[in-house]
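Notebook open, coffee poured. I'm going through this one chain by chain and jotting down whatever I look up.

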Amino acid sequence: MAEFDDPTMLVNAARAAREKGFRRLDAYTPFPIEDLTDALHLHRNKLPLIVLIGGLTGGFTGYLLQYFTTVIYYPINIAGRPLHSWPSYIIITFELTILFASISAVLGLLGLCGLPMPYHPVFNVPRFSAASRDRFFLCIESTDPLFDRQSTTKFLESLDAKEVSEVEH
Amino acid sequence: MADEQLIETPERERVIAPGYTFGTVTDQIASVVQTRHTPGFWIASFVVGFLLLQALLLSVVLLMWKGVGVWGIRTPVMWGFAITNFVWWIGIGHAGTLISAILLLLNQSWRNSINRFAEAMTLFAVACAGLFPLLHMGRPWLFYWMLPYPNTMRVLPNFRSPLVWDVFAVSTYATVSLLFWFVGLIPDLGTLRDRARGLAGKYIYGFLAMGWRGSAKHWSIYETASLLLAGLATPLVLSVHTVVSFDFTVAIVPGWHSTFFPPYFVAGAIYSGFAMVLVLAIPLRAVYGLQGLITDRHLENSGKIMLATGLIVAYAYIMETFMAWYSGSVYEQQAFWNRMTGPYSAQYWFLISCNVVAPNLLWFKKFRTSPVLLFASSIIVLIGMWLERYMIIVSSLAQDFVPSSWALFRATRWDWATYWGTIGFFMVLFFLFVRALPMISIFEVRTLLPQAKVREEVRR
């Protein structure tokens, strides 16, 4: 794991590591960096799909709940008006769509990130607490096929890293 | 997303004061929370809020003991203060969502230093708002009858009623606001966890941060999630006040039955909400020395939004009056004539001077850049918006179709105690938030710093 002082150096390092062929990479930064996401090719994720499914579920739940209640379970005939009064169902359908979609966005976020995760090896690096402050880290995981203790360390050192350390796990 | 980045954007204007680094931003915001020192201002405000909260508790106990008659609600004005306060509070909440969601979608990065406490304001304002319909029910412990659930009474809510829509809209709004706020907090909780010295701080913030470690993989999902939540919250916030206005427009009472209530209510909500944002931001930034993060530019922008929404509200008043005349309905005309010249005329003209006349001072830059004057005008707007809701509810109900059923509303001391009590409730919640959680989003402010920009030479 290599530590950098500013985002530009980290992005350069991440690009270099990608070009070298490393694939099991991760970077740790105190704020989101758009170029880093590009450099690590991380743009695709399944969250929009999860939210879409959540929203559709919510919408159907809302509509069917009202349809079932007012037409089947508890029909009240008021001056011969239609039981299936869809215009008045719109609002609750809409609200439940938003509610379900938002909840699935949050659960999807946590699920895709694997949070809550109370323990992670990177926290073993003493200086890692600065990753939530003003330092930028690039980590090449040992499961990467190109990983080799010596050469990888040497490679990271060649990137002008401030400090290179090994993550115990 | 990647393609959109190629579009040439003009050089970002500096939003926060120069001279900050990632470290100093972190320290300045986090040190408000992670310190043993509590400023006198905080203690004084908390004590005031806490005393007012006791007034709320007392009046709620009395209300439950004796019934809703302790309030001044008598036929025909059965909505009185309760619904006035409900609409007022929920309107205040709307600015928080506007700042956090709509301005995020519009890429207004200046919002980054005011969104956190504005969202907290939303949350607490909705909590205060939610109290009123509950207490107004008379038997608040049976609130769950409003929810559709299979029960032995074989009754279910009437889904064709705007009051039931309101239950769904407001509870969805509260839930989504809470989720959005919490998701925004996660990275900052990680920062606080890493900064914490004491064991308690480490554990509590660590528990809440759920193991956030700022991984690039997580950030990319996180950014998607905040954009999606913002996209969901935007129509939601517009729908909530629309549904609140349906409580009125779907009824046939003169002065209520009108199609432009939804946009008029939404504009009014944002108007009062920004006023509340300023009322909170101006003293806080002075006390905690945050002028470098919440700059005069933030105050000025908020002032501009207040001016714009205030003018929409003024337009709505004019159109409302015009439509009353143009409709040809004697009841509508009478309702508006009563407002202007009847028993509530004093409140009406006071409302016009607060909401229509006073905000025009914001046209002047001198006025918008002076925190003291902005603070004063925000208070005036808050009073004006409260009067607006009072006017709509009370004057329309007091004098409707048949003069023989007319009766005036008189607020009792318990009406006032409950109202001021919720202000205390709000203050207590808000100041606890300021003390325990970072009131400015640390990681979003970091992105505003010039150092955060990846320099051009590395781009392909």
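**Chain B, overall.** I started with secondary structure: chain B has 15 helices and zero strands. Next I checked its radius of gyration, which comes out at 23 Å; the globule rule also gives 23 Å for 460 residues, so chain B is as compact as a globular protein of that length. For the box along the principal axes, I noted roughly 80 × 50 × 45 Å for the C-alpha atoms of chain B.

Burial next. Of the 460 residues in chain B, 48% are buried. I also looked at how far apart in sequence the contacts reach: counting those with a separation of 6 or more, 82% join residues 24 or more positions apart in chain B.

**How far I trust it.** Note to self: this is a predicted model. I wrote down ipTM 0.86 and pTM 0.87. Chain B averages a pLDDT of 85, and 96% of the residues score at least 70. Where should I be careful in chain B, going by pLDDT under 50? Residues 1-11 of chain B are the stretch I flagged, since pLDDT stays under 50 there. The model has four contacts beyond four places in sequence for that stretch. Where pLDDT is low, the predicted coordinates should not be read in detail, so I'm leaving that stretch of chain B alone.

**The A/B contact.** I counted up the two sides: 52 residues come from chain B and 58 residues from chain A. Which elements of chain B give two or more residues to its side? I found helix H1 (22-33), helix H5 (162-195), helix H7 (216-249) and helix H15 (442-446) of chain B. H7(B) gives the most, with 16 residues. I sorted the chain B side by class as well and got 28 nonpolar, 17 polar and seven charged residues.

**Domains of chain A.** Chain A splits into domain 1 (2-41 + 124-164) and domain 2 (47-113). Domain 1 is written as two segments, so I double-checked the bounds before going on. Over C-alpha atoms, the centres of domain 1 and domain 2 of chain A are 45 Å apart.

**Cis peptide bonds.** I looked at two, one in each chain. In chain A, the bond from A:Leu115 to A:Pro116 is cis, with omega near -5°. I placed A:Pro116 in the loop between helix H4 (90-113) and strand S3 (136-140) of chain A. In chain B, the bond from B:Thr75 to B:Pro76 is cis, with omega near 0°. B:Pro76 sits in the loop between helix H2 (40-66) and helix H3 (80-105) of chain B.

**Positive phi outside glycine.** A:Ala79 has phi near 50°, a positive value, and it isn't a glycine. I traced A:Ala79 to the loop between helix H3 (47-73) and H4 of chain A. Is A:Ala79 buried or exposed? I get 4 other C-beta atoms within 10 Å, and the cut-off for exposed is 12 or fewer, so A:Ala79 is exposed.

B:Met210 is another non-glycine with positive phi, at about 60°. B:Met210 is in the loop between helix H6 (199-209) and H7 of chain B. Here I get 17 other C-beta atoms within 10 Å; buried needs 20 or more and exposed 12 or fewer, so B:Met210 is partly exposed. I also noted that H7, which borders this loop, is the helix that gives the most to the chain B side of the contact.

Key. Residues numbered from 1 in each chain as written. Chains lettered and ligands numbered in written order. Predicted model: local features only at pLDDT ≥ 70, side-chain atom pairs only at ≥ 80, totals over all residues. Contact = placed C-beta atoms within 7 Å. Helix = DSSP H or I, 4+ residues; strand = E, 2+ residues; numbered from the N terminus. Nonpolar A, V, L, I, M, F, W, Y, C, P; charged D, E, K, R; others polar. Rg over C-alpha atoms; globule rule 2.2 N^0.38 Å. pLDDT = per-residue confidence, 0-100.
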